[in-house]
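Student: I have a model open and would like to learn how to read it. Could we go through a few features in turn?

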Amino acid sequence: MNRQDTIVAGADIVKSVAEALQYISYYHPPDYIRYLSAAYEREESPAAKNAMAQILANSRMAAFGRRPICQDTGLVVVFAKVGMSVRIDSPYSLADLINEGVRRAYLDPDNPLRASVVIDPLSTRRNTQDNTPAVVHVDLIPGNELTFIVAAKGGGSENKARFTQLNPSASVSDWVVDTVSTLGSGWCPPGLIAVGVGGSAEKAMLMAKEVLNEPIDMFDLLSRGPSGPGEELRIELYQRINALGIGAQGLGGLTTVVDVKVVTFPTHVASKPIALIPQCAANRHIKFSLDGSGPAVLTPPDMSDWPEIDVDRTLLIGARRVNLNTLTRVETAKWRAGEILLLSGKMLTGRDAAHKRMADLMEAGMPLPVDLKGRVIYYVGPVPAVRDEIVGPAGPTTSTRMDVFTRKVLQATGLYAMVGKAERGPAAIDAIVEHRTPYMIAVGGAAYLISKSIKSARVLAFEDLGMEAIHEFEVQDMPVTVAVDVDGNSIHRDGPAEWRHRIATR
């Protein structure tokens, strides 16, 4: 062994990965908070400003409470840069060491994280229960350090990743803008967009995924001006994407992205591979290095970067209070798209797996284990509770995945309303209008804040599904926005259209 070689203990890798995943579960990167705070201050759309206020307040609460920012605590992705003068002192592979760190982080009794990984994507989709395995990418580089980027990618944004092969003469900017305009809001803006151009199909995707974790610097770039075609494209895309008017949570507004990243690689003369990957408002990632002196030391951020927002005052302005225990169709028919409601009373929960089971029971002519008539259902899979919590962070999941079940459920059950995240598809909206059953959204990225409005929780059915079981929550002043009213008016259609026009006519 060369005397300059570095020996990194396998135990230090395990501990560092575990602590990094805990860290990013409750601490936003300070650069994102600074950029989102600036966007909040200049936002003119009341609905988008309200959503940003909830995200910022939730971030501060999660940091002080050391509980997850979002209930979807993500698929773990690790980029490891291994210095060629580094030797790992362990009988286990690097991937095994990383996975042990993931296991410890997600099963930590002080802050358990939601296990979302299924071992067989084709058939049983059985949960691994500890969120392993991670997706690991390894590069050998000169040097005597081992550097990690540890990220946790939520399903809502991961599902919106896109790839294509453009003709060499085609416009990258046009494809990106056209693609973002079709993504909807399930990726939880305001966030980031990363674009990888060149290489091969897998290289473009990998570059885009990695560059998402670079520091946010758009204001610096705008101030100093671009130094080359890549930076020119970044600015162009930042301006054009925000001009779409999608806004926070797709409600319409000035800020859809706080930054756009572009990375390129040489490619075949006949090709122009291009990858687009969005990053949600949780934006979980951290970078650290190991030099053989011990595990990584992760310093908590300076909380002075986090604005103090009076959420109660923000939400109470113009909000309608709703008693779920006495709800009637006459009342729900009065709700209008874009209106803010504060829900109190008992509601049910149920997301993908629960809806599939209910649909199967209906198909077989069997009764449901829970009577949905006159109830409100919330599409959520909460984080496990700890200590004196009623429930862990409990933000909404993407509602479009329930669209395939919506007509059948509404027709068979007499459900009064639904709560989730992001837009609904045309078939779901048709069913909403036909059955006079409005749809509301809670803010994606406000999971800890939302959990504080839940005063009791109990499992009613499908207990074996874990976080996907049907629960009954009792809530108090849970903030939601009417997204689709009984006449089919949609805030996700009308809000961005209005703000796109306003931005274009300035």
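Student: How do the residues of the lining of the second largest pocket divide into nonpolar, polar and charged?

Tutor: Keep in mind that this is a predicted model. To read a lining, sort its residues by class. Here the lining of the second largest pocket has 11 nonpolar, two polar and seven charged residues. The volume of this pocket is about 310 Å³.

Student: Which residues are the closest to the centre of that pocket?

Tutor: Of the 20 lining residues, Val311, Asp312, Leu315, Leu449 and Asp477 are the closest to the centre. The elements α3 (46–65), α10 (311–316) and β17 (470–484) each supply at least two residues of the lining.

Student: Next, the sheet. What is the order of the strands in the open sheet of four?

Tutor: Read a sheet from one side to the other, whatever the order along the chain. This open sheet runs β6-β9-β7-β8, and its pairing is mixed. At the edges are β6 (162–165) and β8 (257–267), each of which pairs on one side only. From one strand to the next, the twist averages 15°.

Student: In what sense do β7 and β8 pair?

Tutor: Strand β7 (residues 191–199) pairs with β8 in the parallel sense, over nine bridges. For one of these positions, look at Gly196, whose bridge partner in β8 is Val263.

Student: Which strands do helices α7 and α9 touch?

Tutor: Helix α7 (residues 201–211) packs on the sheet and touches β6, β7, β8 and β9 (273–279). The direction of α7 makes about 150° with that of β7. Helix α9 (residues 229–242) also packs on the sheet, where it touches β7 and β8. The direction of α9 makes about 140° with that of β8.

Student: Where are the cis peptide bonds at Pro133 and Pro190?

Tutor: Check omega for the bond before the proline. The bond joining Thr132 and Pro133 is cis, with omega about 0°, and Pro133 sits in the loop between α4 (94–106) and β4 (135–141). From Pro189 to Pro190 the bond is also cis, with omega near 10°. Pro190 is in the loop between α6 (172–180) and β7.

Student: What is the phi of Gln249?

Tutor: Phi of Gln249 is near 60°, a positive value in a residue other than glycine. Gln249 lies in the loop between α9 and β8.

Student: Which residues does UniProt list for the "domain: Fe-S hydro-lyase tartrate dehydratase alpha-type catalytic"?

Tutor: The unreviewed UniProt entry gives residues 15–288 for that feature. In the model this span is 38% helix and 23% strand, and its end C-alpha atoms lie 12 Å apart.

How values were computed. Residues numbered from 1 in each chain as written. Predicted model: local features only at pLDDT ≥ 70, side-chain atom pairs only at ≥ 80, totals over all residues. Heavy atoms only, no water. Pairing = 2+ DSSP bridges. Axes fitted to C-alpha atoms, helices over the stretch in contact; angles between N-to-C directions. Contact = heavy atoms within 4.5 Å. 1 Å grid on protein atoms, 1.4 Å probe; cavity = no way out; pocket = protein on both sides within 12 Å on 5 of 7 lines; lining within 4 Å. Points joined across faces, edges and corners; volume = space filled by probe spheres on them. Nonpolar A, V, L, I, M, F, W, Y, C, P; charged D, E, K, R; others polar. UniProt positions renumbered as here; feature names shortened; annotations may be inferred.
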